[in-house]
There are 2 protein chains.
Amino acid sequence: MTQKAKEYYRDNPQFYVAVDCIIFAFENDELQVLLQQRNFEPFRGEKTLLGGFLQDEESLEEAAQRVLQFHTGLTNIYMEQVGTFSALDRDPGARVISTAYYALIDKNLYDSALLKEYDGEWVSTDHLPSIHFDHTKMIEQARELLRRKISFSPVGFNLLPPSFTLAQLQRLYEVILGQEIDKRNFRKRVSEMQFIEKTGEIDKVSSRRGASLFQFNMEKYNLIHEFKLK
Amino acid sequence: MTQKAKEYYRDNPQFYVAVDCIIFAFENDELQVLLQQRNFEPFRGEKTLLGGFLQDEESLEEAAQRVLQFHTGLTNIYMEQVGTFSALDRDPGARVISTAYYALIDKNLYDSALLKEYDGEWVSTDHLPSIHFDHTKMIEQARELLRRKISFSPVGFNLLPPSFTLAQLQRLYEVILGQEIDKRNFRKRVSEMQFIEKTGEIDKVSSRRGASLFQFNMEKYNLIHEFKLK
DNA sequence: AATGATGAGTGTATTTTTTACACTTTTTGT
DNA sequence: ACAAAAAGTGTAAAAAATACACTCATCATT
């Protein structure tokens, strides 16, 4: 590369680049998000999303997966980029450009022991506490993205255990969409999608009568690749 | 801020941060995008999107508007963030994190004299030439975002002059959605939205009989805030 | 001045999709 | 035995989307 070409880059400023993870889980008929109460500087005592700085040899996606793994123990998690936030004063400690990702996890699988190490806490997205930086906006944008996506893409299953009852699935949709759904209409739509299949097992925990357990069959979905549920 | 807090930032690497603008316009029944053939290093001779580096005292949005104004002369243009691209080798000259924005402009208004200064050229999004970096992916993602948005949000009007015929509007939708639309059904839907209103003027250019000109009334739309057109 | 060509403009019937709605079944705890 | 709790199931009505063909106004040509 010529000297001129090097200058092309060199004349420009550089920035700290971060990722912030909106880690969603579903429990108690709530869409929850994982926050941490910071016990370190800067901003000790503030609630924030889980984040980290981009390092030299990783992409933003990799950084987000790294942050996620560090705080939940989980790898290979469904993630989607929400957007990049760059207001001059968004982090009063320094100029930081941050890209938000949301992740959907099965709350049964994450490592809850880690939680204590970094003062993590799950909060309902319906009543968010006061959160530092622009992280509230990030969460709201992520929630809206998820709300739009869940009707046309089978991403919601990432929030459930591998097998689930139709009542669980329906409650998940009701919570994320923010509206009640007619049980019979919902089940009609589910039964039209052959890749949501009965496991044959019966869940006896949530009801006296027992409810059939279902699973999402990704292979079958990939053949059909049509999804509509709402 | 304490010493500890400063280290929190200082231990992390910094990066060049850029914006790339996907500038869309509508002409000749084509959705076009503005590229430049670079006559400077690095990557002289390559076709790329219009871009620029983020500077210290501006947000990404402001940087994108600056790039847009520099190349088209236009200010206050509709823009939307597409996403942030961070693959390690995306720019072989240096590690650069780039956020893509798409902009919708009325091709009658931009400053075509500027085009020659930087070897700009409009190309159809239907047959993109070979484009450097990951810019092809950016354009495709932007196009897809626009395709999804245009049915539920009145953004398409940004690509048209202030007054337009219904045939023009329909062709715009057909091109962006990539499918033919029934004329009577389309007009039925338009007539249901009172904020798309007749100006009273007649366009005599595009047909012998003359076609009524319409305009999008933003104030009326803001009261209703419901849009559906496909 | 007649006529042919061009795009503008207009309404209804059919199909598909979405929504509304209520009772029976199974099991457990009392 | 019976009360309580959630599972499971089908049809009719309403709403939305689609398919479809001719007349109108004007200009250019002859």
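Here is a short walk through a predicted model, from the DNA to the two protein copies and then into one sheet.

Before you click, note that chains are lettered from A and ligands numbered from 1 in the order written, and residues are numbered from 1 along each chain as its sequence is written. Because the model is predicted, local features need pLDDT of at least 70 and side-chain atom pairs count only at pLDDT 80 or more, while totals for chains, interfaces and linings use all residues; side-chain values use heavy atoms, with hydrogens and water left out.

**Stop 1: DNA strand D**

Select DNA strand D and show what is near it (a heavy atom of the residue within 4 Å). You should get 22 residues, and K183(A), R208(A), R209(A), K188(B) and R209(B) come nearest. Color them by class: 14 are charged, six polar and two nonpolar. Here Asp, Glu, Lys and Arg count as charged, Ala, Val, Leu, Ile, Met, Phe, Trp, Tyr, Cys and Pro as nonpolar, and the others, Gly among them, as polar. Flip to the DNA side: of its atoms within 4 Å of the protein, 38% belong to sugar or phosphate and the rest to bases.

Now pick out helix 6 (183-192) of chain A, which gives the largest share of this surface, five residues. Helices are DSSP runs of H or I with at least four residues, strands are E runs of at least two, and both are numbered from the N terminus. Strand 10 (211-216) of chain A and helix 6 (183-192) of chain B each supply at least two residues as well.

Zoom in on the polar contacts (N or O pairs within 3.5 Å). A polar side-chain atom of R208(A) sits 2.9 Å from a base nitrogen, and one of K188(B) sits 2.9 Å from a base oxygen. At R208(B), look at the backbone instead: a polar atom there is 3.3 Å from a sugar or linking oxygen.

**Stop 2: the two copies**

Zoom out to chains A and B. Rotating by 180° with 0.0 Å of shift along the axis puts chain A on chain B, RMSD 0.1 Å, by least squares on C-alpha atoms of residues with pLDDT of at least 70 in both. That is the relation of a two-fold axis.

**Stop 3: a sheet in chain B**

Select strands 8, 10 and 9 of chain B: in that order they form an open, antiparallel sheet. Strand 8 (163-165) and strand 9 (196-203) each have a single partner strand, so one side of each lacks a neighbour in the sheet. Strands pair if DSSP finds at least two bridges between them; strands 9 and 10 of chain B have five. Finish at D203(B), which stands opposite A211(B) in strand 10.

Note on methods:
Polar contact = N/O pair within 3.5 Å; in protein donor to acceptor, adjacent residues only side chain to side chain.
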